[in-house]
2 protein chains.
Amino acid sequence: MPRAGLDRAAVVAAAAVLADEVGLANVTMGSVAERVGVRAPSLYKHVGGQADITRRVATLALTELGDALRDALQGRAGREALAAAARTIRAYVVEHPGRYAATTVPPDDPAAGARVFDSLAAALAGYRLEPGGAVHRMRLLRTLFHGFALLEVAGGFQLDNDVDESFEWIIGFVDRGLRT
Amino acid sequence: MPRAGLDRAAVVAAAAVLADEVGLANVTMGSVAERVGVRAPSLYKHVGGQADITRRVATLALTELGDALRDALQGRAGREALAAAARTIRAYVVEHPGRYAATTVPPDDPAAGARVFDSLAAALAGYRLEPGGAVHRMRLLRTLFHGFALLEVAGGFQLDNDVDESFEWIIGFVDRGLRT
DNA sequence: CACCGCTGGCTAATGGCATTAGCTTTAGGC
DNA sequence: GCCTAAAGCTAATGCCATTAGCCAGCGGTG
């Protein structure tokens with residue numbers, strides 16, 4: 001039997017792809033194993049089990065999202081930065097719903113989440129804001145982005161034709177609120 | 001063997017209690033059956049299966065939430081109504097996280113969700129708003145309430161001491177935005 | 001009061017899943 | 001050219017949902 005030349009990253013990557021394709025709940029050890037050309041028990045040589053895979057997918061997602069945010073926020077400030085951050089997160093979640101769903105569990109590496117957090121903070125830096133309430137503003141953003149993303153991928157908006165418009169409207173609403 | 005005198009509502013109610021106690025994901029046919037004093041296969045005489053139970057718990061949750069909102073909004077308008085709706089939803093989710101988690105699947109009875117939706121619309125009725133954009137405003141509220149609830153029950157806010165304060169701050173932010 | 005059929009309970013069986021145990025073989029360092 | 005650690009395998013365990021098929025209690029009818 002020829003070796004598959006597998007490693008931990010390959011297993012996690014396969015699980016992430018599968019999660020996007022069939023939903024995180026349908027990512028089974030068997031399906032991940034099949035994807036990488038191996039039998040299910042062999043995966044335990046590389047990862048701790050299903051929960052471990054999910055935590056690592058969460059870390060992967062937060063890392064990718066953090067990178068995307070950093071890129072998107074280059075050279076932008078104020079409303080431009082806010083809108084760029086919002087659109088980047090939304091695009092990521094729509095494109096990678098399974099990975100993003102994994103982020104509801106504590107990630108393997110907390111630093112990955114911290115980078116996302118920092119980028120969000122950077123998006124707010126261009127506004128002239130009183131120092132108190134920074135925590136509240138961050139929570140407003142996280143709440144909005146997280147809530148919108150989950151409602152959208154869950155099909156929670158009935159008429160889905162003008163979801164784009166609602167999204168841009170909400171960005172405008174927040175921007176106006178932050179500037180007064 | 002004495003009969004348990006079970007019916008559909010009793011099974012769904014037991015599942016809802018269990019979901020709040022151990023999390024929706026840990027609600028198993030066996031645990032529900034044990035809770036009502038019966039073996040697992042007997043449940044199939046009353047419900048269609050696990051997915052059916054989840055859909056019915058979703059309906060139960062939306063019905064309860066709709067009733068709570070209707071009560072809370074009696075005689076309130078404007079900021080008072082907005083704040084009451086927000087606090088009611090948050091309180092419900094904190095007290096019944098498992099039931100609320102079930103609402104991410106389409107409920108058994110769509111009318112239950114519609115009543116929640118109508119109450120939210122009523123909470124906005126006291127603001128003097130241009131007619132266009134009603135859909136966007138509703139989506140803003142749903143996004144915020146849903147996002148905040150999920151982040152809070154998932155432990156997504158690190159320093160959880162002043163989450164109350166952030167919540168009230170966000171209500172104030174939205175209220176201000178709606179009045180301009 | 002006896003019976004009869006429906007209904008709600010049961011046990012047993014099936015198939016999928018995650019995980020563990022223990023074996024075998026590969027591949028690389030000496 | 002060997003020898004060990006790692007990477008794969010099969011087999012087995014135990015939990016879960018679901019289905020099949022059996023049996024008993026209960027409400028109604030004679």
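**Exercise 1. The end of a helix**

Which residue just after α7(A) takes a positive phi?

Solution. The model is a predicted one, in which local features need pLDDT of at least 70, side-chain atom pairs count only at pLDDT 80 or more, and totals for chains, interfaces and linings use all residues. Residues are numbered from 1 along each chain as its sequence is written, while chains are lettered from A and ligands numbered from 1 in the order in which they are written.

Begin with the term helix: helices (H or I, at least four residues) and strands (E, at least two) are DSSP runs, numbered from the N terminus. Chain A has eight helices and zero strands, and α7 of chain A covers residues 134-153. Just after α7(A) comes the residue that was asked for, Gly155(A), with a positive phi of about 70°. In chain B, α7(B) is followed by Gly155(B), whose phi is also positive, near 70°.

**Exercise 2. The span of α7**

Compare the reach of α7(A) with its expected span.

Solution. The expected span of a helix is 1.5 Å times one less than its number of residues. For α7(A), which has 20 residues, 28 Å is expected, and the reach from its first C-alpha to its last is 29 Å, close to that value. For α7(B), also of 20 residues, the end C-alpha atoms are 29 Å apart, which agrees with the 28 Å that it should span.

**Exercise 3. How the two chains meet**

Describe the side of chain A that touches chain B, and state how the two copies are related.

Solution. Residues count as in contact if their C-beta atoms, placed from the backbone, lie within 7 Å, and in this sense 22 residues of chain A are in contact with 22 residues of chain B. The elements of chain A that give two or more residues to this side are α7 (134-153) and α8 (163-178), and the largest share, twelve residues, comes from α7(A).

Next, sort the residues by class, where Ala, Val, Leu, Ile, Met, Phe, Trp, Tyr, Cys and Pro count as nonpolar, Asp, Glu, Lys and Arg as charged, and the others, Gly among them, as polar. This side of chain A then has eleven nonpolar, eight polar and three charged residues.

Finally, superpose the copies by least squares on the C-alpha atoms of residues with pLDDT of at least 70 in both. A rotation of 180° with 0.0 Å of shift along its axis superposes chain A on chain B, with an RMSD of 0.1 Å; the two copies are thus related as by a two-fold rotation axis. In chain A, the C-alpha nearest this axis is that of Gly147(A), at 1.8 Å. Since 100% of the interface residues of chain A are also interface residues in chain B, the copies meet through the same surface.

**Exercise 4. Two crossing helices**

At roughly what angle do the axes of α7(A) and α7(B) cross?

Solution. Axes are lines fitted to C-alpha atoms, for helices over the stretch in contact, and angles run from 0 to 180 degrees between N-to-C directions. The axes of α7(A) and α7(B) come within 7 Å and cross at roughly 100°. Angles under 35 degrees count as roughly parallel, over 145 as roughly antiparallel, 65 to 115 as roughly perpendicular and the rest as oblique, and α7(A) and α7(B) are therefore roughly perpendicular to each other. Among the residues that make the contact are Gly147(A) and Phe148(A) of α7(A), and Gly147(B) and Phe148(B) of α7(B).

Methods
Contact = placed C-beta atoms within 7 Å.
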